[in-house]
Amino acid sequence: MYLLELGGEDDAFAAREATSAATGVRRIAPGLAVANAVSSERVRGLAYTHRASELMGRTDADLESARALLETAPIDREGSVAVRATDVHGSTAVSTERAERELGSVLVERGFSVDLDDPDHVLRATFSEGTLEGGGSLEADAETGDLFASEGADADALSERVSVCALGWLAAESVRDFGSRAPTDKPFFQPGSMDPLLARAAANIAGARPGATILDPMCGTGGGLVEAGLVGADVVGTDAQEKMVRGARENLAHFLEPETASPTGVDRGGWAVARGDATHLPLADDGVDGVVFDAPYGRQSKIETHRLEDLVSGALAEARRVAPRAVMIADRSWASEARAAGWELEAAFERRVHRSLTRYVLVLERREPST
């Protein structure tokens, strides 16, 4: 069993992204989740999960309980140790300095040496209290496709207040280099470009990884393709505007052509970008493993050949033809259009950007015709 420390912005969305690197993910407290197994390599590329640790055990979110857990838990490792404590969102009032000191003393009593600079093992002690909320998770009406806040049979459980301290041995950390790829710092920039955190999460959910091919049929400046390529996927992009095609090529060459490994530790993916119509893709059926795209926003988009509704509907239909899964980001819900194109809405989330912009993230799985 593993402990996941989530990024803190939207736990439901973070947990969904984490399923690209872990199995059996389920939230246990604000900012915390557990998983049955993890891929350390994939954890390094997550946007909204910061760490994964081998779970030693969990108890109530107070220092006395944490100390009792550590004193009695079996430990099957040797070498030097360090303790790192976190009070998630400052929710428990536990002193992290005192927690590190007292839990470290327990480990010394159990025969370990302490090395704060370069330990052989790091014990993560996470304290969290609060209510497990649905976050931005949405469901779709079966008939209309309209989105509404999740309720479900476990709504009472989700509203229950929890108090958790989880102890675990650090196994993997995500690479927090997203600030180096801020939209305004890329070689080619256009207003409205997606931030790299959301772009990475969408790419991960769409299936980006070594050996996979990810398509963005409305690639814009190429930000989503950059993030998919940095976790090892080969990427293909099209855009209707020649200016965007040139700019995306510039950005992809800058981030994916260096011969060094990606910061996530994998080989950077290959890439190709061409001018094209998202409603008529020059790709074979099932030609890619996943699709991710940021649909044009009604107030900001420049659409020369299609009404917006026709463009989105056509792009959804083509995406379903070329891939079994897709992640669509937009400034409104296109759930009805997605269902009409033959997609199952596997999950949906709201990501508030600022007062006048909320992004919807639709996670789509291909619905096969019933026999």
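## Aromatic cluster

F13, Y48 and F349 form one aromatic cluster. In this report, the rings of Phe, Tyr and Trp (its six-membered ring) pair if their centres lie within 6.5 Å, and planes under 30 degrees apart count as stacked, over 60 as edge-to-face and the rest as tilted. The model is a predicted one, so local features need pLDDT of at least 70 and side-chain atom pairs count only at pLDDT 80 or more, while totals for chains, interfaces and linings use all residues. Residues are numbered from 1 along each chain as its sequence is written, and side-chain values use heavy atoms, with hydrogens and water left out.

By the ring rule there are 2 aromatic pairs. One of them joins F13 and F349, with 5.2 Å centre to centre and 65° between the planes, which makes the pair edge-to-face. This pair links distant parts of the chain: F13 belongs to helix α1 (residues 11-18) and F349 to strand β18 (residues 343-354), 336 residues apart. Helices (H or I, at least four residues) and strands (E, at least two) are DSSP runs, numbered from the N terminus.

Are F13 and F349 buried or exposed? Buried means under 20% relative accessible area, exposed over 50%, and partly exposed in between (1.4 Å probe, protein chains only). F13 has a relative accessible area of 0%, so F13 is buried. F349 is buried because its relative accessible area is 3%.

A charge also lies at this cluster. The charged end of R351 sits over the ring of Y48, 4.9 Å from its centre. The rule for such a placement is that NZ of Lys or CZ of Arg is within 6 Å of the ring centre and within 35 degrees of the ring normal.

## Helix α1

The helix that holds F13 is mostly covered: 8 of its 8 residues are buried. The buried residues of α1 are D11, A12, F13, A14, A15, R16, E17 and A18.

At the N-terminal end of α1, D10 acts as a cap, with a side-chain oxygen 3.2 Å from the backbone nitrogen of A12. A polar contact is a pair of N or O atoms within 3.5 Å; within protein, one must be able to donate a hydrogen and the other to accept it, and residues adjacent in sequence count only if both atoms are side-chain atoms.

## Salt bridges

Side chains of opposite charge can pair when their charged atoms come close. A salt bridge is a side-chain nitrogen of Lys or Arg within 4 Å of a carboxyl oxygen of Asp or Glu. How many salt bridges does the structure hold? There are 19 salt bridges.

One of them joins E173 and R51 at 3.4 Å, N to O. This pair links distant parts of the chain, since E173 is in strand β12 (residues 161-173) and R51 in strand β6 (residues 49-59), 122 residues apart. E173 counts as partly exposed because its relative accessibility is 40%.

E102 and R98 meet in a salt bridge of 2.6 Å, N to O. Both lie in helix α4 (residues 96-109), 4 residues apart, which is about one turn of the helix. E102 has 19% relative accessibility, so E102 counts as buried, whereas R98, at 45%, counts as partly exposed.

The side chains of R181 and D177 form a salt bridge too, at 2.9 Å, N to O. R181 counts as buried at 3% relative accessibility, and D177 is buried at 18%. Elsewhere, salt bridges that share partners join R67, E71, R98, E102 and E109 into one network.

## Cysteines

A disulfide is a pair of cysteine sulfur atoms within 2.5 Å. By this rule the count is 0 disulfides. C165 is buried, with a relative accessible area of 0%, and C219 is buried as well, at 5%.

## Three residues and their contacts

Contact means heavy atoms within 4.5 Å. N251 is part of helix α8 (residues 242-256). At 0% relative accessibility, this residue counts as buried. Not counting residues up to four places away in sequence, N251 touches K186, P187, F188, T221 and V226. S80, in strand β7 (residues 80-87), is buried at 9% relative accessible area. With the same residues left out, S80 touches S113, D115, D118, P119, D120 and H121.

R275 lies in strand β15 (residues 271-275) and counts as exposed because its relative accessibility is 52%. Leaving aside neighbours within four places in sequence, R275 is in contact with D239, A240, Q241, E242 and V245. A polar atom of the R275 side chain lies 2.8 Å from the backbone oxygen of A240. The C-alpha atoms of R275 and P187 are separated by 19 Å, and these residues are 88 residues apart along the chain.
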